[in-house]
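Student: I would like to look closely at a single part of this model, namely the place where its pieces meet. Please describe that part carefully and in connected order, and then follow it into the surroundings.

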Number of protein chains: 2
Amino acid sequence: MRILITGAAGMVGRKLIARLAKDGALRGRKIAALDLHDIVPPQAPTLAGVDVSIHTGDLSTPGAAASLVASRPDVIFHLAGIVSGEAEANFDLGYRVNLDGTRALFDAVRLAALAPRLVFTSSIAVFGAPFPDVIPDEFHPTPLTSYGTQKLISEVLLADYTRRGFFDGIGIRLPTICVRPGKPNKAASSFFSGIIREPLVGQEAILPVPRSVLHTHASPRSAVNFLIHAAEIDGDAVGPRRNLTMPGVAVTVGEQIEALERTAGPEVAKRIREEPDETIWAIVKGWPTRFESRRARELGFAAETSFDEIIRAHIEDELGGKIA
Amino acid sequence: MRILITGAAGMVGRKLIARLAKDGALRGRKIAALDLHDIVPPQAPTLAGVDVSIHTGDLSTPGAAASLVASRPDVIFHLAGIVSGEAEANFDLGYRVNLDGTRALFDAVRLAALAPRLVFTSSIAVFGAPFPDVIPDEFHPTPLTSYGTQKLISEVLLADYTRRGFFDGIGIRLPTICVRPGKPNKAASSFFSGIIREPLVGQEAILPVPRSVLHTHASPRSAVNFLIHAAEIDGDAVGPRRNLTMPGVAVTVGEQIEALERTAGPEVAKRIREEPDETIWAIVKGWPTRFESRRARELGFAAETSFDEIIRAHIEDELGGKIA
């Protein structure tokens, strides 16, 4: 089993590598080789008996994708991409990396006649307001950002290339990943993780929106579970509609905070300071709230069932089980 | 008013040119210039006081789109494309013309900072089975052909480029155009027009599917009406969802034949010979049947209200009012 991961230096990529290292196998076969690609050098795990190769560069550069798939991977995890805010700020960069880079990879696989399983991380950013209360699997994607547009185009290409037999693709639309480890960033969604992550290590966190805001979350651990399941699932059971909205936990910000109180105590939850920010709220108002995710659940994709579970996963995976 | 038409040599292109020549104006302004583009030289209409330019070539050739928009059109009708069967048979050609050509045109407009109204002819091929009985405007597009994939990607780009202010785009998803003038072709949908067109000129037509098959049609005259309305409509009224499923007449094949009997008499309708073709029926079974088209109707797009009307339009526009 030879596995290629693009975007291997990112948060999800690193956690996926750690999981693969722990499992040692995928689709019932021992992992013999890992090709790790990113724009910056990904950290190579030390794995006995696994041939780990590090690749760096821009997939949209002519020849880059062809040379990357020359090792003939059996499974490809295509995680690489420019994030939402950057794709909006830099039109050319977003289209080059998120669209041209993805298409270059897909075409390189097509021309190499590999037909691997290819797992692509899409996003709920393919959807754009207005929304029904619960977004069904059959709801039309009408993105309101260039990032969402690029993800949607990649999804549609993935479905056509799969139908043609060039590869066996599965696109997974990730909900917001929470609790995201690391530092706060400038993403409008940063606070969803911040109000859990910072209080748990004794720091103050800012809540810029009302407690009534409803949003869907899945832990980094679930994101990795989705990727592994997408790599192992029976493609025939998926049928021609290859892009699936992943399940998650739909909660209000108020319910997030109640879960934090239950899990870590009221003193921890008091470290959240409400400081309304109209700009952030205006952005968040346009986001989807709740998904049906019926097909993904039926196909065996599973997320946490409560936000308490999401917090416990963070405490176990990032804090060694300890709360400050 | 300067107008650019790509795909100007095609059936819809020629009818659009004839209509513009007759109207002499668009969006309330006199037409001063027409730029007509196609892969083969379009026929130039003789128009007093209108500067008509003929352009030929492949839009995906570097520089071709930039030189085409150098005349700074106020309105662009982008009709050019490889048809469904050809895009399926020739993967590279379909993606080059239908995706790369469209993106090249969109980018040329973006880089020229023109911000024209841009009307794009999409297709109901963006939808793929299984379908509900009536396909609502919010139904997700999951194309099952490369042609439908390329049209959908163009739609999504059009929406993002419009949101960015690079142009003011409207995508119109055309139903099957019926009665299509000319000769039968190898398209699986050819019989929908053939069973009307051939009997009206004294020729036999083959019906390869059961009379119970339900399908949505609009006349070539309606297709041109849609294009003109899409060029003139208030963009603000459309909002961010720029791609609209056009209305049409949903009838069974049996109802088509009854309309032919009513319009032209039973002797004409007897020229249809039923000769079941399992291959054609298998293709037709996967096609969408009926559309809600609520948004398009609310925005003032209007088609025929009966199939009798579609037949009468054909007799008036193509047969000089006479039936054989």
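Tutor: Let us begin with the meeting of the two chains, where 35 residues of chain B are in contact with 35 residues of chain A. Please keep in mind throughout that this is a predicted model. Between chain B and chain A, the buried area comes to about 2,900 Å², and carbon and sulfur atoms give 53% of this area.

Charged partners also meet here, for the count between chain B and chain A is 8 salt bridges. A pair to find in the display is Arg164(A) with Glu88(B), whose closest N and O atoms are 3.8 Å apart. This pair is accepted as a salt bridge because the rule asks for such atoms within 4 Å. In addition, 33 residue pairs are in polar contact between chain B and chain A, with both residues of each pair at pLDDT 80 or more.

Which elements of chain B give two or more residues to the side that touches chain A? They are α3 (84-89), α4 (91-112) and α5 (146-163) of chain B. The most comes from α5(B), which gives 9 residues to that side. Sorted by class, the side of chain B that touches chain A holds 17 nonpolar, 12 charged and 6 polar residues.

There is a second meeting place, and this one lies inside chain A. The domain assignment divides chain A into domain 1, made of 2-175 and 219-245, and domain 2, made of 190-216, 248-290 and 300-318. The C-alpha centres of domain 1 and domain 2 of chain A are 27 Å apart. Where these domains touch, domain 1 of chain A supplies 17 residues and domain 2 of chain A supplies 16 residues. About 1,400 Å² is buried between domain 1 and domain 2 of chain A, and carbon and sulfur atoms give 60% of it. On the side of domain 1 of chain A, the residues that lose the most area to domain 2 are Ser219(A), Arg221(A) and Phe226(A), and together they make up 33% of what that side buries.

This interface between the domains of chain A also has salt bridges, and the rule finds 3 of them. A salt bridge to inspect is that between Glu318(A) and Lys15(A), with the closest N and O atoms 2.4 Å apart. The rule further finds 6 residue pairs in polar contact across the interface of domain 1 and domain 2 of chain A, both residues being at pLDDT 80 or more. Helix α7 (residues 220-232) of chain A provides 5 residues, the largest share of the side of domain 1 that touches domain 2. The residues on that side of domain 1 of chain A divide into 11 nonpolar, 3 polar and 3 charged.

Phe226(A) leads us to a further residue, Ala302(A), which is found in the loop between α12 and α13 (307-318) of chain A. Along the chain Ala302(A) and Phe226(A) are 76 residues apart, yet their C-alpha atoms are separated by 7.5 Å. Apart from neighbours within four places in sequence, Ala302(A) is in contact with Phe226(A), Ser222(A) and Pro247(A).

Some loops of chain A deserve a look at their backbone. Pro130(A) is in the loop between β7 (117-123) and α5 (146-163) of chain A, and a cis peptide bond with omega of about 0° joins Ala129(A) to Pro130(A). Another cis peptide bond, with omega of about 10°, joins Cys178(A) and Val179(A); Val179(A) is in the loop between β9 (176-177) and α6 (190-200) of chain A. Ser293(A) is not a glycine, but its phi is positive, at about 50°, and its place is in the loop between α11 (278-285) and α12 (294-298) of chain A.

Finally, an unreviewed UniProt entry lists residues 3-203 of chain A as "domain: NAD-dependent epimerase/dehydratase". Over residues 3-203 the chain is 37% helix and 20% strand, with the end C-alpha atoms 39 Å apart.

Terms used: Residues are numbered from 1 along each chain as its sequence is written. Chains are lettered from A and ligands numbered from 1 in the order in which they are written. This is a predicted model: local features need pLDDT of at least 70, side-chain atom pairs count only at pLDDT 80 or more; totals for chains, interfaces and linings use all residues. Side-chain values use heavy atoms; hydrogens and water are left out. Domain bounds come from an automatic or database domain assignment. Contact means heavy atoms within 4.5 Å. Buried area is the accessible area (1.4 Å probe) that two parts lose on being put together, summed over both. A salt bridge is a side-chain nitrogen of Lys or Arg within 4 Å of a carboxyl oxygen of Asp or Glu. A polar contact is a pair of N or O atoms within 3.5 Å; within protein, one must be able to donate a hydrogen and the other to accept it, and residues adjacent in sequence count only if both atoms are side-chain atoms. Helices (H or I, at least four residues) and strands (E, at least two) are DSSP runs, numbered from the N terminus. Ala, Val, Leu, Ile, Met, Phe, Trp, Tyr, Cys and Pro count as nonpolar, Asp, Glu, Lys and Arg as charged, and the others, Gly among them, as polar. UniProt positions are given in the numbering used here, feature names are shortened, and annotations may be inferred rather than shown by experiment.
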